[in-house]
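Here is a short set of exercises to work through with the model open in your viewer. Try each task yourself before reading its solution.

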Amino acid sequence: MDDVAYINTPLGIAKIVGTTEGISAITVLDSDETLTDIIPESLEDAVYQLNEYFKGERTEFQLDLNPEGTKFQKKVWLQLQQIPYGRTTSYLEVAKLIGDVKAIRAAASANARNPIWIVIPCHRVIGIDGALTGYAGGLHRKKWLLEHESPHKQQSLF
């Protein structure tokens with residue numbers, strides 16, 4: 001049986017699901033959930049590392065992942081994990097890197113079905129023209145995540 005935890009993040013409440021085999025899902029919710037008081041042991045590392053990420057103290061995750069998906073989706077998700085913190089790439093580039101430039105729509109579809117928010121960084125994939133394009137968590141969250149990871153922080157004039 002999967003363990004579940006709800007934690008607060010700057011982008012809303014995140015639901016973390018997993019077992020000792022690894023994390024199977026991290027999603028951000030648009031609804032209120034009661035925050036988890038005692039984090040299950042199997043999810044402690046994920047909670048700790050996500051909190052570090054949001055504090056700006058972590059740029060890479062070291063977690064066992066166990067997402068459910070097709071062989072093709074898992075291939076795309078592995079490729080997404082190669083996109084460095086603070087960088088972006090295009091759907092076309094992802095398709096090229098998995099070895100099939102014609103699979104751009106399939107790669108975009110797999111990207112959209114990514115079950116592990118932030119850790120598998122689908123937010124780092126943008127349109128070839130630099131447009132944010134779609135994001136399951138909402139474009140406002142994608143924009144926030146990209147700004148959070150940007151090496152060029154916006155300075156306040158006042």
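The exercises below go from the whole chain to its sheet and then to a pair of helices, and they all rest on a predicted model.

**Exercise 1. Overall dimensions**

Task: Work out how the radius of gyration of the chain agrees with the value for a compact globule of 158 residues.

Solution:
- Start with the expectation: for 158 residues, a compact globule would have a radius of gyration near 15 Å.
- Now take the value for the chain, which is 16 Å and therefore agrees with that expectation.
- For the extents, look along the principal axes, where the C-alpha atoms fill a box of roughly 50 × 45 × 25 Å.
- Add burial to the picture: with buried meaning under 20% relative accessible area, 46% of the 158 residues qualify.
- Finish with the contacts: among those with a separation of 6 or more, 57% join residues 24 or more positions apart.

**Exercise 2. Elements along the chain**

Task: List the secondary structure elements from the N terminus on.

Solution:
- Count by type to get 5 helices and 5 strands.
- Then walk along the chain from the N terminus, which gives the order β-β-β-α-α-β-α-α-β-α.

**Exercise 3. The sheet and its helix**

Task: Find the order of the strands in the open sheet of 3 strands, and the helix that lies across β1, β2 and β3.

Solution:
- The strand order is β1-β2-β3, and the pairing is antiparallel.
- Next come the edges: β1 (3-9) and β3 (22-28) each pair on one side only.
- From one strand to the next, the twist averages 20°.
- Zoom in on β2 (residues 12-19), which is joined to β3 by 6 bridges in the antiparallel sense; G18 is found opposite I23 of β3.
- The helix you are looking for is α1 (residues 44-54), lying across β1, β2 and β3 and running at about 15° to β1.

**Exercise 4. Two packed helices**

Task: Classify the packing of α2 against α4 by angle, and describe the residues that make the contact.

Solution:
- Get the geometry: α2 (residues 71-80) and α4 (residues 104-112) pack at about 80°, and their axes are 9 Å apart.
- Apply the cut-off: angles of 65 to 115 degrees count as roughly perpendicular, so α2 and α4 fall in that class.
- Pick out the residues: α2 contributes F72, Q73, V76, W77 and L80, while α4 contributes A106, A107, A110 and N111.
- Sort the residues of this contact by type, and you should arrive at 7 nonpolar, 2 polar and no charged.

How values were computed:
Residues are numbered from 1 along each chain as its sequence is written. This is a predicted model: local features need pLDDT of at least 70, side-chain atom pairs count only at pLDDT 80 or more; totals for chains, interfaces and linings use all residues. Side-chain values use heavy atoms; hydrogens and water are left out. Axes are lines fitted to C-alpha atoms, for helices over the stretch in contact, and angles run from 0 to 180 degrees between N-to-C directions. Helices (H or I, at least four residues) and strands (E, at least two) are DSSP runs, numbered from the N terminus. Angles under 35 degrees count as roughly parallel, over 145 as roughly antiparallel, 65 to 115 as roughly perpendicular and the rest as oblique. Contact means heavy atoms within 4.5 Å. Ala, Val, Leu, Ile, Met, Phe, Trp, Tyr, Cys and Pro count as nonpolar, Asp, Glu, Lys and Arg as charged, and the others, Gly among them, as polar. Two strands pair if DSSP finds at least two bridges between them. The radius of gyration is taken over C-alpha atoms; the globule rule is 2.2 Å times the number of residues to the power 0.38. Buried means under 20% relative accessible area, exposed over 50%, partly exposed in between (1.4 Å probe, protein chains only).
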